[in-house]
Amino acid sequence: MNKQEFLNKLRKKIDILEESEVEDILKEYSGFIEEKMSQGSTEEEAIKSLGNIDELASELLSAYKIKKPQEKKNDILNNFIEEFVAIIENIIEFFSTKDFKEIVRFILEMLCIFIIIALCRLPFELIAQVCKNIIYNISSSLGSPIPFHIIGNLGKAFLEICYVLFAIILFIKIFEKRYLNSQEPNFNFHPNPKKEKIKEHPRSSNPEKIVKNVNPNSKNLLDILTSFCIIGIKIIVFFLLIGLIFYIIGLTAAFSISVYLLFKGVFYFGIYLIILALLILGIIVFLTLFNFIFNRQTNFFIILIISLISFGLLGLGIAVSAIEITNTTIYYDNKDVSKPIKTLEYKMQDNLVLEGYYNEIIIDDKLDDQIRIEYCYNTEYFDISIEPTKSRENKYEIIHLEHYLNQFKYNKNMFNNLINDLKEKVIRTYNYDVVVKIYTSKEVKDKLLKNQKQYEEYEEYIEENEIDFEDLHETYHDLSYHH
């Protein structure tokens, strides 16, 4: 609160006096504040030295034999509204004038207050339980429980209402006593503090006092807890900063690519604006958190202006991107993949099973008992590694058909095609399918399918019965033959 705000508030509280008296009082307090400032105090410290403005106004009106307007009993609702507004104003003023450490301490104190209020519920619960037992015993002895149950519920509701009213009144009284009846909360709990009188402020019947601790360097439990909370918050913020560094690096690279594409004639302005806005917001958050960790001042007004501009750019970028993407054509480049690139060959066996991915089995009676497996894909974009593996389970020889992406092929021609497509608002998706075809005779195909079916039944039998493979495979082998 500055001097002008203080004087304006004081004027409203004593406006019941004659105008000339009000002006004299304000002039006197204005001079007192200026005198304190000339002695080295800040404007805020000078105003705090005057004490609580409500108590000050009450003293001034008492000196003129006038009751405070708040003491009028003919308008309870207006008085309650005025007091509520005054509490809100004091809370706003408290948070606007305190640093982060003091706010953390305030939150911790509020948490302690709520814990105390919660503990005060125990007596109410105890009384409710005792009353419930008494009512239950009476109802059991009389054999007519229904009316007594109603009485018990009403009593419980009454106790709940009493507790809620008690909690509200207790919270208001603690809050007023600790935070609203003094300009600065007292966080010290040291007994027997030394006190020293100083110069009285104008028209005050009570001299202003400064409380000095015996040991100013001592810290109470709340100070230590506050320090630990701030350290914990700073550790969390530090890890957030590490993530923000990678975020900013990634967006910087994306923005650089955007500038390059812009010079190449690719005009997706919406996406470029989104990347720029997100980059600026990331830098703002990084600087704010960095200043918080290292206790450096942050100009929140500038931060707010830049953030609003960035959000405006972000919204504009999203709107423009929606229009640009709507006007973009997605084209599927369906290259022919019928030409075989790699081939595997196997000789058919009575117990052979092919496991793994394949598209189809094609009949070719010229192959007799041979099996040819062809892999077809577009070699312009990528290459694959074929790594079939063999294993034996019960009587079956299993060939596992497996292939992996080995290399994605990049060439300048692909990049130039991408740039040209983007200039024309075209996005081309390429065919990365691998087509696996199996060629064999009809007899071999039938045998493969039969082996496959028996092998699947064998696996299902093991899974359903949960029997160890070594103990079961001979039994299942005999069962399958009898079947």
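Which residue forms a salt bridge with K3? Keep that question in mind as you browse these close-ups of a predicted model.

**Figure 1. A salt bridge links E34 and K3.** The partner of K3 is E34, and the closest N and O atoms of the pair are 3.0 Å apart. Because E34 belongs to helix α2 and K3 to helix α1, their pairing ties together parts that lie 31 residues apart in sequence. The two ends of this bridge sit in unlike surroundings: E34 is partly exposed, with a relative accessible area of 43%, while K3 is buried at 17%. Side chains of opposite charge can pair when their charged atoms come close.

**Figure 2. Helix α2 keeps its buried residues on one side.** This helix runs over residues 19-38. At 1.5 Å a residue, its 20 residues should span 28 Å, and the end C-alpha atoms are indeed 28 Å apart. Look for the buried residues V22, I25, L26, Y29, S30, F32, I33 and K36. They cover an arc of only 160° around the axis, so they are on the same side of α2. On the other side, K27 and S38 are exposed. Among the elements that cover the buried residues are α1 (3-13), α3 (43-48) and α4 (53-63). Just after the helix comes G40, with a positive phi of about 110°.

**Figure 3. S30 is a buried residue of helix α2.** Is S30 buried or exposed? Its relative accessible area is 15%, under the 20% cut-off, so S30 counts as buried. Setting aside neighbours within four places in sequence, S30 is in contact with K3 and L7. You have already met K3, as the salt-bridge partner of E34.

**Figure 4. The largest nonpolar core has 22 residues.** Which members touch the most other members? They are I371, I373, Y375, V434, I438 and L448. Several elements each supply at least two residues of this core: strands β4 (340-347), β5 (352-356), β7 (370-376), β8 (382-386), β10 (396-401) and β13 (435-440), together with helix α13 (442-465). Strand β7 gives the most, with 3 residues. For a single member, take I373: leaving out residues up to four places away in sequence, I373 touches K342, T343, L344, Y346, L401, V436, K437 and I438. Apart from this core lies another, of 19 residues, including Y29, I33, I53 and L60.

**Figure 5. Two residues other than glycine have a positive phi.** Most residues other than glycine have a negative phi. Here D368 has a positive phi of about 55°. You can find D368 in the loop between β6 (360-363) and β7, where the residue is exposed, with a relative accessible area of 54%. Now turn to K425, whose phi is near 60°. This residue lies in the loop between α12 (412-423) and β12 (426-430).

**Figure 6. Helix α12 also has its buried residues on one side.** Its 12 residues should span 16 Å at 1.5 Å a residue, which agrees with the 17 Å between its end C-alpha atoms. Which residues of α12 are buried? They are M414, I419, D421 and L422. Because they cover an arc of only 165° around the axis, they fall on the same side of α12. Just after the helix you meet K425 again, with its positive phi of about 60°.

**Figure 7. K442 and D446 pair within one helix.** Their side chains meet in a salt bridge, 3.2 Å from N to O. Being 4 residues apart in helix α13, the partners are separated by about one helical turn. Both ends are partly exposed: K442 at 49% relative accessibility and D446 at 38%. Elsewhere, salt bridges that share partners join R11, E19 and E23 into one network. A further pair is E397 with R392, at 2.8 Å from N to O. The count for the structure comes to 9 salt bridges.

**Figure 8. I284 meets residues further along the chain.** This residue sits in helix α10 (residues 269-293) and counts as buried, at 8% relative accessibility. How far apart in space are I284 and I306? Their C-alpha atoms are 8.1 Å apart, although the two residues are 22 residues apart in sequence. Leaving aside neighbours within four places, I284 is in contact with I303, I306, S307 and S310.

Key
Residues are numbered from 1 along each chain as its sequence is written. This is a predicted model: local features need pLDDT of at least 70, side-chain atom pairs count only at pLDDT 80 or more; totals for chains, interfaces and linings use all residues. Side-chain values use heavy atoms; hydrogens and water are left out. A nonpolar core is a set of buried Ala, Val, Leu, Ile, Met, Phe, Trp, Tyr and Cys residues joined through side-chain atoms within 4.5 Å. Buried means under 20% relative accessible area, exposed over 50%, partly exposed in between (1.4 Å probe, protein chains only). Contact means heavy atoms within 4.5 Å. The expected span of a helix is 1.5 Å times one less than its number of residues. The arc is that of the directions from the helix axis to the C-beta atoms. A salt bridge is a side-chain nitrogen of Lys or Arg within 4 Å of a carboxyl oxygen of Asp or Glu.
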